[in-house]
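Visitor: Could we go through this structure together, one topic at a time?
Guide: Certainly; please look at the sequence and the model first.

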Amino acid sequence: PQVAYKETILGEAEAESKYIRQSGGKGQYGHVLLRVKPKERGAGFEFIDEIKGGTIPKEFIKPVEKGVVEAMDKGILAGYPIVDVEVTLFDGSFHEVDSSEFAFKIAGSMAFQEAAKKAKVIILEPIMKTEVVTPANFFGQVISDISSRRGKIEETKERTDMKVIDASVPLSEMFGYATALRSLTEGRASFTMELNSYEKVPQNIAQEIIDGKRQ
């Protein structure tokens with residue numbers, strides 16, 4: 001199984017990109033200036049058109065957005081989609097003859113990649129809300145196993161003669177957990193988990209993901 005990592009940006013940045021090709025006959029010309037900034041986790045993508053006075057004709061705005069979206073889907077660091085970003089198209093220029101939707105799409109894609117790199121891209125990982133129900137005599141072992149999986153214990157409580165542990169644990173650390181929990185507790189504990197949030201991956205693990213050592 002693979003973990004659905006995502007990427008996002010930490011800061012705000014601007015970039016300018018010109019896509020110009022001249023090869024006999026009609027050329028290609030697209031020129032855009034973009035600003036990127038992060039949105040709240042889970043807020044999604046927003047594209048803002050701030051072009052004034054027709055510096056870029058209306059028919060080329062959508063292609064710029066399309067180029068941005070394609071670049072976001074490909075990711076920057078490790079090929080995972082970029083999420084929760086606001087992108088503003090605030091300036092640019094066009095050529096009466098050579099401008100095309102294709103040229104503006106490429107310019108949009110290139111400008112986004114450059115701006116995102118300046119804004120510092122990070123990797124996000126899915127964090128699972130996990131509940132473990134275990135007999136009290138295995139409580140210590142279960143807690144330390146969760147901690148070894150980079151888990152954070154949120155709360156512990158009693159339920160009849162059992163202990164209940166609420167924790168947040170990265171999904172990437174939960175593969176094989178059913179088997180591990182069985183052997184830790186002689187098959188007497190159970191657990192459930194559901195997606196809770198996406199959070200920044202620690203730097204050492206982010207590097208493993210970028211290097212392809214983690215799925």
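**Helix packing and two buried residues**

Guide: Helices α1 and α2 are oblique to each other, in what is a predicted model.

Visitor: Why do α1 and α2 count as oblique to each other?
Guide: Their axes cross at roughly 45°, and an angle that is neither under 35 degrees, over 145 nor within 65 to 115 counts as oblique. The axes of α1 (residues 61–74) and α2 (residues 101–118) come within 7 Å.

Visitor: Is the crossing left-handed or right-handed?
Guide: α1 passes α2 in a right-handed crossing.

Visitor: Which residues meet there?
Guide: From α1, they include Val 64, Val 68 and Met 72, and from α2, Phe 104, Gly 108 and Phe 112 are among them. By class, this contact between α1 and α2 has seven nonpolar, four polar and four charged residues.

Visitor: Changing topic, where is Glu 173?
Guide: Glu 173 lies in the loop between β8 (162–170) and α4 (177–184).

Visitor: Buried or exposed?
Guide: Glu 173 counts as buried, because its relative accessibility is 16% and the cut-off is under 20%. Beyond four places in sequence, Glu 173 touches Arg 149, Arg 150, Ile 205 and Arg 214.

Visitor: And what does Ile 209 contact?
Guide: Leaving aside neighbours within four places in sequence, Ile 209 is in contact with Tyr 5, Ala 78, Tyr 80, Ile 123, Val 201 and Arg 214. Ile 209 belongs to helix α5 (residues 203–210) and, at 5% relative accessibility, is buried.

Visitor: How many residues along the chain separate Ile 209 and Leu 77?
Guide: They are 132 residues apart along the chain, with 9.1 Å between their C-alpha atoms.

How values were computed:
Residues numbered from 1 in each chain as written. Predicted model: local features only at pLDDT ≥ 70, side-chain atom pairs only at ≥ 80, totals over all residues. Heavy atoms only, no water. Helix = DSSP H or I, 4+ residues; strand = E, 2+ residues; numbered from the N terminus. Buried < 20%, exposed > 50% of the residue type's maximum accessible area, 1.4 Å probe, protein only. Contact = heavy atoms within 4.5 Å. Axes fitted to C-alpha atoms, helices over the stretch in contact; angles between N-to-C directions. Left-handed = near helix turned anticlockwise from the far one by under 90°. Nonpolar A, V, L, I, M, F, W, Y, C, P; charged D, E, K, R; others polar.
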